[in-house]
Amino acid sequence: MMDADEKRSETYPLRRRDVAQALLHGRRGLLVVAGLGSCAWDITAAGDDPLNFPLWGAMGGAPAIGLGLALARPENRVLVITGDGEMLMGLGSLATIAIQAAKNLAVVVFDNERYGETGMQPTHTAYGADLPGVAKASGFPVTGQIDDQGGLDAALPVILEAPGPVFFNIKVRAEDLDFVLPPKEGVILKDRFRQALLGET
Amino acid sequence: MSEWAEGVFEALVSAGVRQVAYVPDMGHKRLIEICNEDARVKAVLLTTEEEGVALLAGAWLGGERGVLLMQSSGIGNCINMFSLARECEFPLLMLVTMRGQWHEFNPWQKHLGQNAKKLLTTAGFDIEVASEPGAVVAAVAEAAEGVFKNNGRTAVLLHQKLAPKKTFGK
């Protein structure tokens, strides 16, 4: 069996809450789906918004939710923010997204190389699994990895505006952070999203 | 076979369905072909059925209706993802072609087939059954109306005799 590099991600320079803030600051109609756990807390820490759909379960489903939303709303930019563990559970959805070629969809992984909600155990990326490599091989036209602030600054306009589907893997520090919880009632999350976007529940 | 496919497609379009998610299946073969040929719907090829449950949740968030096509074995792949539809009360319409009941050649398909109703009921679905070609379109239209009017979750089970018989060359 391979060895995980369990300490490596503790010194990554990018902090996930800062990255969420950078992505969502002045968001102008951006539709956001967040994978369960830390990413749901991250987007909420950046400012709860009715056009956030943070998951509390459905692990592996965030990118496919983003695809359905992107196909339904081609005039809106859709951003999926999810963790490495959640992405690993739904790798097939990258191939599904690539076929649909949704230009308005970006999938961003906050990759701390840990399962954060279950005790910070190493994920497959700690053993070297290459998520942007999977996305590229699945047919995403725009893929990349971000390791530092310079990389993030350069990638932001691509994530938010470039014709996609876009996939970026952002290496973020493994750290314990305060919970910042969105509403957990699914019907409330769904209804407020549709009310804000469509004017009806 | 599958002479009901055209009627089902028109019933789905009439019900406002715009996204058709599917894992390829012999029983749905003709319907899937129509969905890929007709620009009134977006046909979405999945790698596993649970992606379709998530996809259609996203579609609904964006104001579009959808349907998920699968065979009964796919139910097992969806169980956890069904909690998304149930917790958030997303409408979810599924057309499920049955395996393991009519001239089934492959015993590995029997387990999900035999337990399809039980699993779907446990997951909170209403169930419609269509066993004759003439009953399929009405069952789908009825299910679609209920699903989208009431944010419901309904599976229409299509009996295996509605699909071509697969004999593995035997």
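Two residues are taken to be in contact if their C-beta atoms, placed from the backbone, lie within 7 Å. By this criterion, residues 24 or more positions apart account for 73% of the contacts in chain A with a separation of 6 or more. The model examined here is predicted.

The overall form of chain A was considered next. Its secondary structure comprises 8 helices and 8 strands. The C-alpha trace of chain A spans about 50 × 35 × 30 Å along its principal axes. For 201 residues, a compact globule would be expected to have a radius of gyration near 17 Å, and the value of 16 Å found for chain A agrees with this. Of these 201 residues, 48% count as buried.

Within chain A, 6 strands form an open sheet with parallel pairing, in the order β2-β1-β3-β4-β8-β7. Its edges are formed by β2 (52-54) and β7 (142-146) of chain A, each of which pairs on one side only. From one strand to the next, the twist averages 15°. In general, the strands of a sheet pair through backbone hydrogen bonds, in either a parallel or an antiparallel manner. At one end of the order given above, β7(A) and strand β8 (residues 166-171) of chain A are joined in the parallel sense over 5 bridges. One bridge partner in β8(A) is A:F168, which is matched with A:G144.

Two helices of chain A illustrate different aspects of the packing. Helix α2 (residues 38-45) of chain A lies across β1 (31-34), β2, β3 (78-83) and β4 (105-111) of chain A, and runs at about 130° to β3(A). Helix α3 (residues 62-72) of chain A is largely enclosed by the rest of the structure, because 11 of its 11 residues are buried. Among the buried residues of α3(A) are A:P63, A:I65, A:L67, A:L69 and A:L71, as well as the glycines A:G66 and A:G68.

A contrasting position is provided by A:A129, which is located in the loop between β6 (121-122) and α6 (131-138) of chain A. A residue is classed as buried if 20 or more other C-beta atoms lie within 10 Å of its own, and as exposed if 12 or fewer do. A:A129 has 16 C-beta neighbours inside 10 Å and therefore counts as partly exposed. A:A129 is separated from A:R17 by 112 residues in sequence and by 23 Å in space, C-alpha to C-alpha.

In chain B, strand β1 (residues 17-22) runs parallel to β2(B), and 4 bridges join the two. B:Q19 has B:K42, in β2(B), as its bridge partner. The covered face of β2(B) carries B:K42 and B:V44, whereas B:A43 and B:L45 belong to the uncovered face.

The contact between the chains involves 26 residues from chain A and 25 residues from chain B. On the chain B side, β2 (42-45), α3 (49-61) and α5 (82-88) each supply at least two residues. The largest share, 8 residues, comes from α3(B). By residue type, the side of chain B that touches chain A divides into 13 nonpolar, 7 polar and 5 charged residues.

The largest nonpolar core contains 116 residues, and those touching the most other members are A:I81, A:V108, B:V53, B:A57, B:V96, B:V140 and B:V156. Leaving aside neighbours within four places in sequence, B:V156 is in contact with B:L95, B:V96, B:E128, B:A130, B:A139, B:V140 and B:A143.

Terms used
Residues are numbered from 1 along each chain as its sequence is written. Chains are lettered from A and ligands numbered from 1 in the order in which they are written. This is a predicted model: local features need pLDDT of at least 70, side-chain atom pairs count only at pLDDT 80 or more; totals for chains, interfaces and linings use all residues. Ala, Val, Leu, Ile, Met, Phe, Trp, Tyr, Cys and Pro count as nonpolar, Asp, Glu, Lys and Arg as charged, and the others, Gly among them, as polar. A nonpolar core is a set of buried Ala, Val, Leu, Ile, Met, Phe, Trp, Tyr and Cys residues joined through C-beta atoms within 7 Å. The radius of gyration is taken over C-alpha atoms; the globule rule is 2.2 Å times the number of residues to the power 0.38. Two strands pair if DSSP finds at least two bridges between them. Axes are lines fitted to C-alpha atoms, for helices over the stretch in contact, and angles run from 0 to 180 degrees between N-to-C directions.
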